[in-house]
Amino acid sequence: MNRPVQNILITDVGPRDGLQNQAVPVGTDDKLRLIRMMAAAGVQSVEATSFVSPKAVPQMADADELLPRAQAALPGVRLSALVPNLRGLERARAAGAQEVAVVLSATETMNRKNINMGLQQAMEVSEQTLQAALAMGLRTRAYVAVAFACPFEGETPPAAVRQAAVRMLRAGAQEIVIADTIGSASPMQVGDLFDVLQADIPVHRMAAHFHDTRGMGVANAWAALQAGIRRFDASTGGIGGCPFAPGAAGNLATEDLVLMAERCGFSTGLDLMRLLEAVDFAQTLLERPLGGRAIGWLRGERDKGRLGSMFRGSSTQGQAA
Ligand code: COA
Ligand code: ZN
């Protein structure tokens, strides 16, 4: 059956969501090299770092140096930075940020553990930060974290996610990232939640952010695709996990998402051969095996020389539909 190819936009959050949790310290030069390799594979959007307390997340302490260097090296790539408060936004602006993401959790306890604020305060601070970012002319994203389950409060009621997401939309967030922070979602829940949210939020303003804790990352991404979502977060090699959310495993691997999406008639603009080079590099940096569920098969195809002909060039560069 001939279907029109639709583009999806992948934001690689590996340099932030991935590296923030790693025991091995990664230097700024190596982070830059990893981001460069992602860009060389066709990644058009990268969450490069976060401007958070260096005491809370030591691995992100070099944000003020990393972001301007990455922007100078990769002018064509959308580089985003997570900011938890106005202080973080000021630092991001001083570093020349063009896009920032605020992080609001849908539950009281997760906000306290993550950013030391209750839910109401976190909503207010996120709103103020978004409004200030817009006044600075920056692009804005807003995470709604623990959107399916919270490690402290259990299943998250969809109404709580809806309320948080609507507040962020009204405050001016250009993209609302629905995040399965601990990787507990099932495809059915993903479909149901996006159905609920679409009553208030245009589908093109939402992105899906999955972790692969229970091996359902790709299935969840498929459910989000079916719900009309065309923007996804993922991380090269599946590096990831939140230091403040017990039980969270790595993000949905970018290479798994690309493989699934391309096999299902979507275009990602990414070159899997080059992406595997970035996975290999991340592996040497972190001194442990990395890669998503399909990594064995992908490497096998690469070794047989078949990967390039299968996927390289099958994609068209472009923005998400
Ligand atoms: N960047 C750097 N330093 C910051 C900061 C920021 N965005 N915001 C606050 N600080 C500093 C303050 O200046 C203060 O420094 P001091 O101890 O040297 O005086 C210290 O952090 C505490 O400030 P306070 O306002 O009391 O913050 P807090 O201790 O309640 O922490 C956060 C709040 C948000 C800064 C902190 O919880 C944090 O950075 N969390 C990170 C969350 C994260 O990255 N999670 C993973 C991604 S979802
Ligand atoms: Zn995450």
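Let me begin with the second largest pocket of this predicted model, whose lining, sorted by class, comprises 6 nonpolar, 4 polar and 2 charged residues. That pocket has a volume of about 210 Å³, and among the 12 residues that line it, Arg3, Pro4, Cys264, Gly265 and Phe266 are the ones nearest its centre.

The largest pocket, by comparison, holds about 550 Å³ of space, and its lining is made up of 33 residues, with Val52, Leu82, Val103, Asn114 and Ile115 lying nearest the centre. By class, 18 of these lining residues are nonpolar, 11 are polar and 4 are charged. If you want to follow the wall of this pocket along the chain, at least two lining residues come from each of helix H1 (14-18), helix H4 (86-94), strand S5 (99-105), helix H5 (108-115) and strand S6 (139-145).

Let me turn now to the metal. Which residues are the protein donors of the zinc ion, ligand 2? They are Asp17, through OD, and His209 and His211, each through NE2, at 2.0 to 2.1 Å from the ion. Along the chain these donors are spaced as D-x191-H-x1-H, and both His209 and His211 are buried.

His209 also leads us into the interior, since it is one of the residues that Ile178 touches, leaving aside those up to four places away in sequence. The other contacts of Ile178 include Val144, Ala147, Phe148, Phe194 and Met206. Ile178 belongs to the largest nonpolar core, a set of 105 residues in which Ile176, Ile178, Phe194, Phe210 and Phe232 have the most contacts. Helix H11, residues 272-286, gives this core its largest share, namely 9 residues. There is also a second, separate core of 7 residues, with Met110, Cys150, Ala245 and Ala248 among them. As a general matter, nonpolar side chains in soluble globular proteins tend to be buried together.

I will finish with the backbone. Most residues other than glycine have a negative phi. Val146, which is not a glycine, nevertheless has a positive phi of about 45 degrees, and its place is in the loop between S6 and strand S7 (149-150). Glu287, likewise not a glycine, has a positive phi of about 60 degrees and sits in the loop between H11 and helix H12 (295-303). Are these two residues buried or exposed? Val146 has a relative accessible area of 0%, and therefore counts as buried, whereas Glu287, at 63% relative accessibility, counts as exposed because that value is over 50%.

Notes. Residues are numbered from 1 along each chain as its sequence is written. Chains are lettered from A and ligands numbered from 1 in the order in which they are written. This is a predicted model: local features need pLDDT of at least 70, side-chain atom pairs count only at pLDDT 80 or more; totals for chains, interfaces and linings use all residues. Side-chain values use heavy atoms; hydrogens and water are left out. Donors are N, O and S atoms within 2.8 Å of the metal (3.2 Å for Na, K and Ca); water is not among the atoms, so sites may look incomplete. Buried means under 20% relative accessible area, exposed over 50%, partly exposed in between (1.4 Å probe, protein chains only). A nonpolar core is a set of buried Ala, Val, Leu, Ile, Met, Phe, Trp, Tyr and Cys residues joined through side-chain atoms within 4.5 Å. Helices (H or I, at least four residues) and strands (E, at least two) are DSSP runs, numbered from the N terminus. Contact means heavy atoms within 4.5 Å. On a 1 Å grid over the protein atoms alone, a cavity is a set of points where a 1.4 Å probe fits but cannot get out, and a pocket is an open set with protein on both sides within 12 Å along at least five of seven lines; lining residues have an atom within 4 Å of a point. Grid points are joined across faces, edges and corners, and a volume is the space filled by probe spheres set on the points. Ala, Val, Leu, Ile, Met, Phe, Trp, Tyr, Cys and Pro count as nonpolar, Asp, Glu, Lys and Arg as charged, and the others, Gly among them, as polar.
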